[in-house]
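Grab a pencil and work through these exercises with the structure open beside you. Try each task before you read its solution.

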There are 2 protein chains.
Amino acid sequence: MSKLEGACIIGQSGGPTSVINSSAYGVIRTALDAPEITNVYGAAHGIKGVLNDQLLCMDEEDRAELDRLPYTPSSALGSCRYKIADPDQDDTDYRRILEIFKKYDVRYFCYNGGNDSMDTCNKISKYMKKVGYDCRVMGIPKTIDNDLFGTDHCPGYASAAKYIATSVMEVARDAQVYDTGMVTVIECMGRHAGWLTAAAALANAEEPCCDFIYLPEVDFDMDKFLADVSARYAEKKNCIVVVSEGVHYADGRFVSEAKTAATDGFGHAQLGGLAALLANIVKEKTGAKVRGIELSLLQRCAAHCASGTDIAESYLSGKTAVEQMLLGTTDKMVGFACDRTNGYRCEPKLFALTDVANYEKKFPREWINAEGNNVLAPFVDYAMPLIQGETKLEKVDGLPRFARLKKVFAK
Amino acid sequence: MSKLEGACIIGQSGGPTSVINSSAYGVIRTALDAPEITNVYGAAHGIKGVLNDQLLCMDEEDRAELDRLPYTPSSALGSCRYKIADPDQDDTDYRRILEIFKKYDVRYFCYNGGNDSMDTCNKISKYMKKVGYDCRVMGIPKTIDNDLFGTDHCPGYASAAKYIATSVMEVARDAQVYDTGMVTVIECMGRHAGWLTAAAALANAEEPCCDFIYLPEVDFDMDKFLADVSARYAEKKNCIVVVSEGVHYADGRFVSEAKTAATDGFGHAQLGGLAALLANIVKEKTGAKVRGIELSLLQRCAAHCASGTDIAESYLSGKTAVEQMLLGTTDKMVGFACDRTNGYRCEPKLFALTDVANYEKKFPREWINAEGNNVLAPFVDYAMPLIQGETKLEKVDGLPRFARLKKVFAK
């Protein structure tokens with residue numbers, strides 16, 4: 001494969017994670033060091049930055065600030081949720097992207113995101129091939145949801161999982177403090193896949209603390225849920241439930257939509273998050289003291305609790321993307337293949353973008369117990385290696401010192 | 001002062017903190033090492049453990065587990081919210097406490113808690129004096145609310161403050177990720193005092209990220225709030241608001257009670273936490289994308305993000321309580337006197353229990369700006385030293401390894 005000279009773009013897309021910038025850093029650092037790569041640009045707000053001709057000059061950034069990217073949460077370059085058209089229907093965006101690629105002589109394009117972003121990446125790659133513009137295109141996975149096809153796991157998942165398990169352990173300690181008993185309902189993200197919620201099971205490895213886990217992969221049954229919780233509460237006066245925001249009834253209705261099922265005791269409808277809703281229903285049924293806790297955005301941005309393994313692997317995926325492009329690879333996503341026999345080994349592995357785009361990997365049913373209210377040991381064996389190691393986040397005055405980019409636009 | 005031989009009890013009361021066990025450890029460690037102290041007991045669930053004759057033998061615990069207490073959140077001995085009667089009205093509880101003290105030859109009693117607990121401590125101390133039972137009684141402050149009289153600050157506050165500031169910094173990064181703009185409302189604990197909410201201002205020391213802070217010490221004005229947020233959102237398309245759960249209107253009504261003020265767009269009343277309520281009102285007014293985030297219990301139990309200074313000072317307060325009792329001191333609370341000129345120095349200082357009991361220290365009005373929507377530099381100078389340093393929490397398999405006590409009951 002002949003050497004291809006030109007610029008490189010890295011774009012970040014979709015919801016951020018604690019470690020998405022570690023992947024970006026893997027791309028940027030490797031690209032800055034590659035002689036063939038003339039310029040390294042960050043697309044401001046993902047593909048919108050390309051369409052709007054807003055490219056950030058990574059060459060202009062201070063080395064020390066770039067070095068802080070792996071420990072900085074959220075998309076440092078900005079993100080977007082932009083669904084690109086089918087080029088056969090409307091190729092306006094693609095012609096514009098080609099124009100910008102030509103303007104800056106872009107020959108390397110990395111896009112970091114989830115299912116939709118891999119689709120974007122795939123479409124751009126195919127378009128460039130069709131019009132004969134020589135450009136290598138690589139997808140870098142990123143999603144706390146861990147629902148991408150093929151890859152053993154997704155960068156970003158492990159840090160969220162570590163935060164969830166840590167928080168569940170801490171809340172469980174808090175919930176035991178009075179002898180009056182309590183039912184605590186903790187809500188995790190994951191609209192369609194239960195990977196994040198399942199991470200609560202990791203909390204049990206150190207000490208049993210999480211009683212029930214409900215994932216969207218199993219139809220939710222309110223009567224069964226109330227029976228589960230009531231029995232456990234009656235038995236030990238304490239019950240910790242972790243539930244996915246995406247749990248739904250057999251007919252597909254989200255439980256969180258059935259908000260009027262509970263009342264506040266004065267006959268008013270009790271709205272709010274799923275955790276609050278379920279906590280209130282439990283209170284009505286059992287008379288228990290209840291707490292509803294929504295982990296909210298914190299689970300995807302708590303960089304202070306990121307997984308060292310996740311940070312390193314996210315970096316690896318970005319680095320590998322550039323290395324592979326330099327070797328001539330294109331049209332692939334850099335995922336992972338892992339081996340958990342005799343310790344944990346993780347290697348980058350390439351997947352065809354066409355295979356990855358728009359497919360959601362659900363939590364396996366066989367890793368959920370028969371009753372549908374907990375996850376099984378094989379999941380713990382799968383996830384535990386991913387959350388190992390701590391962040392090297394620098395602290396100044398006791399608080400995180402995140403990267404501060406100058407963000408100089410290319411002209 | 002002659003030497004007094006006998007047993008020592010440590011009790012934990014009220015809502016837990018990330019470091020309440022560090023104070024307990026200060027008591028336990030120092031008492032175990034004191035020749036005069038024959039036995040060291042932990043009261044199971046605070047004063048209820050004394051009343052119910054449920055004392056835990058600290059002498060029976062493994063040294064390695066006790067050594068983990070400073071890094072273990074929530075009350076390891078169990079807590080209670082038990083309001084003891086006025087002894088002049090009803091001395092039943094006091095006679096029972098005396099009976100238990102006599103049964104176990106208790107001559108040293110430490111009680112760790114907030115305003116109410118200092119009141120309990122004070123009443124017990126006065127009663128023992130009245131009936132001529134020789135027992136030394138010390139209060140150890142503990143409250144994330146930081147609202148105890150006299151002491152410069154309260155053990156437990158700084159760790160919650162550090163967690164809040166860290167989380168605000170992380171959420172602020174997350175909120176900037178799209179170019180579509182967002183208003184984020186973060187709700188902190190503190191029903192009557194704004195110390196916790198004010199901690200969000202520490203997040204601004206590293207980089208400006210928190211736009212407005214509303215404390216219960218200033219009457220809340222919904223129109224002013226909406227004007228503040230709308231103007232800031234119009235100016236920079238992004239606005240982070242941190243608000244105390246205890247904000248209230250001039251007539252005293254809590255804003256969180258006025259839940260029916262907002263609707264969900266379908267005419268249904270929008271209930272839920274204060275953060276969700278305010279976020280929805282902002283959405284109606286500005287059309288902005290909004291997020292409401294309640295930090296919930298996490299702010300008082302996130303031991304993984306505790307302040308090293310707080311851990312050390314909490315230990316110091318417990319240790320000093322025992323040392324002082326051995327010297328003959330009684331009827332006091334061990335607070336802190338601090339000097340912030342030429343660096344930060346913190347010394348234990350004794351306060352009369354009578355002065356401390358049942359008094360709430362509000363956030364000073366002069367540390368709030370004239371507009372009532374932010375806090376001023378003197379607060380940052382006050383609080384910043386308190387959040388310095390990190391926890392030494394041991395991790396096993398990437399997760400916290402908290403203390404596990406055997407909890408052997410005394411007979």
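**Exercise 1.** Start with a pair of strands in this predicted model. Find the residue of S2(B) that stands opposite B:Ile9.

*Solution.*
- Go to B:Ile9 and look across to S2(B): the residue facing it there is B:Tyr41.
- Now zoom out to the strands themselves. S1(B) pairs with strand S2 of chain B, which covers residues 37–43. The two run in the parallel sense, and 5 bridges link them.
- Next, check the surroundings of strand S1 of chain B, residues 6–12. Of its 7 residues, 6 are buried, so the strand is largely enclosed by the rest of the structure. "Buried" here asks for 20 or more other C-beta atoms within 10 Å of a residue's own.

**Exercise 2.** Work out which residues touch the most other members of the largest nonpolar core.

*Solution.*
- The core holds 273 residues.
- Four of them touch the most other members: A:Ala161, A:Val168, B:Ala161 and B:Val168.
- Pick B:Ala161 and list its partners, skipping residues up to four places away in sequence. You should get B:Leu196, B:Ala199, B:Leu202, B:Ala383, B:Leu386 and B:Ile387.

**Exercise 3.** Describe how chain B meets chain A.

*Solution.*
- Count both sides: 61 residues of chain B are in contact with 61 residues of chain A.
- Ask which elements of chain B give two or more residues to its side. They are helices H6 (157–175), H8 (203–206) and H11 (298–301), along with strands S9 (290–294), S12 (395–396) and S13 (399–400).
- H6(B) supplies the largest share, with 9 residues.
- Sort chain B's side by class, and you find 26 nonpolar, 18 polar and 17 charged residues.

**Exercise 4.** Split chain A into its domains and look at where they touch.

*Solution.*
- The domain assignment puts 6–144, 303–359 and 390–400 in domain 1 of chain A, and 157–301 in domain 2.
- The C-alpha centres of these two domains of chain A are 35 Å apart.
- Their contact uses 15 residues from domain 1 of chain A and 12 from domain 2 of chain A.
- On the domain 1 side, that gives 7 nonpolar, 7 polar and 1 charged residue.

**Exercise 5.** Decide how far the predictor backs its own model.

*Solution.*
- Chain A has an average pLDDT of 94, and 96% of the residues score at least 70.
- Watch out for residues 260–271 of chain A, though: the pLDDT there is below 50. Beyond near neighbours in sequence, that stretch still has 26 contacts in the model.
- For the complex, the predictor gives an ipTM of 0.95 and a pTM of 0.96.

Notes:
Residues are numbered from 1 along each chain as its sequence is written. Chains are lettered from A and ligands numbered from 1 in the order in which they are written. This is a predicted model: local features need pLDDT of at least 70, side-chain atom pairs count only at pLDDT 80 or more; totals for chains, interfaces and linings use all residues. Domain bounds come from an automatic or database domain assignment. Two residues are in contact if their C-beta atoms, placed from the backbone, lie within 7 Å. Ala, Val, Leu, Ile, Met, Phe, Trp, Tyr, Cys and Pro count as nonpolar, Asp, Glu, Lys and Arg as charged, and the others, Gly among them, as polar. A nonpolar core is a set of buried Ala, Val, Leu, Ile, Met, Phe, Trp, Tyr and Cys residues joined through C-beta atoms within 7 Å. A residue is buried if 20 or more other C-beta atoms lie within 10 Å of its own, exposed if 12 or fewer, and partly exposed in between; C-beta atoms are placed from the backbone. Helices (H or I, at least four residues) and strands (E, at least two) are DSSP runs, numbered from the N terminus. pLDDT is the predictor's confidence in each residue, from 0 to 100. Two strands pair if DSSP finds at least two bridges between them.
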